[in-house]
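Colleague: Could you take one part of this model and examine it closely, beginning at the surface and then turning to the interior?

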Amino acid sequence: MTSLNNVSITQNICQQLLWKCRVFSATFSTIVIVQMIFAVLVGSTGSRGSGRGFFEYDERYFSLDLLLIISVISAIMLGWLLATQSIRNDNYAVVTTNFTETVSTLLFLVVLSAFTVLSALSAFYITAFSRLLIFNQVKVNVGSLFELSSLFLFFLFVLLAGSASFFARTLYDFSKVITLLLIISFIFYTQLRNISDSALIKFFFIPDNVGVEGGLIFMIVLFWVLAIGIRQRREVMRR
């Protein structure tokens, strides 16, 4: 039997991460199925009209906007689920500590977010090119097919949603009173300062991409640090 003293923290985190990828493998296939369904059913937006001389047009635009929304919602649900007590108890099937279990779960969210982006991109391409090849309904602008910066922002938004949800559930389990007070304080502060939803969103959207990515990364790291700190605090309190 392997003793925890003979395993480094890095090795233990990797073992936990690999174990989570195997146990929650069905999550990956579920993400693919859901994204494909939405991409096929509601994969485009556009306009339709007609003119004189029997002239008609049907213009459609394909984008990742809908898949981004679906991915964010899925990340929120998964982040909340991964922080529940029942899932955490299952995580201790592999010898670990509270710290390494939390870190490995957060890294698993990174893997899920990256997979979600690749899955969304695949669903987008399959939908667009199937209509192009089979129904001849789409003209492809080659220059807009792939933008690395947009995909990275997609990844950060999904990861932020999952991390925020994970932190919210962690804080809720730690103290329901503190969670309720923070929600009330946040609502009261926004109303008192007359801060709109658009103003809160603009916090991230500095004109350049570096500012956007920096704001998102800062919030992700903040949620991670707070979640790890709360888990460590709970472990000390049990002792």
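**A surface patch and the helices**

Modeller: Ile-33, Ile-37, Phe-38, Val-40 and Leu-41 make up a nonpolar surface patch, together offering about 480 Å² of accessible area (Shrake-Rupley, 1.4 Å probe, only the protein chains shown counting as cover). Patch residues have over 30% relative accessible area and no salt bridge, with nonpolar side chains joined within 5 Å; a salt bridge is a Lys or Arg side-chain nitrogen within 4 Å of an Asp or Glu carboxyl oxygen. The model is predicted: local features need pLDDT of at least 70 and side-chain atom pairs 80 or more, while totals for chains, interfaces and linings use all residues. Numbering runs from 1 along each chain, and side-chain values use heavy atoms, without hydrogens or water.

Phe-38 belongs to helix 2, residues 25-41 (helices are DSSP H or I runs of at least four residues). With a relative accessible area of 33%, Phe-38 is partly exposed, that is, between buried (under 20%) and exposed (over 50%).

In helix 1, Asn-12, Ile-13, Gln-16, Leu-17, Trp-19 and Lys-20 are buried. These residues lie on the same side of helix 1 because their arc around the axis is only 165°, taken from the directions to the C-beta atoms. Thr-10, Leu-18 and Arg-22 are exposed on the other side of helix 1.

The largest nonpolar core (buried nonpolar residues, Ala and Cys included, joined through side-chain atoms within 4.5 Å) has 43 residues. Helix 1 and helix 2 are among the elements giving two or more residues to this core, and helix 6 gives the most, 12 residues.

Technical notes. Patch = residues over 30% accessible without salt bridge, like charges linked within 9 Å, V, L, I, M, F, W, Y side chains within 5 Å. Buried < 20%, exposed > 50% of the residue type's maximum accessible area, 1.4 Å probe, protein only.
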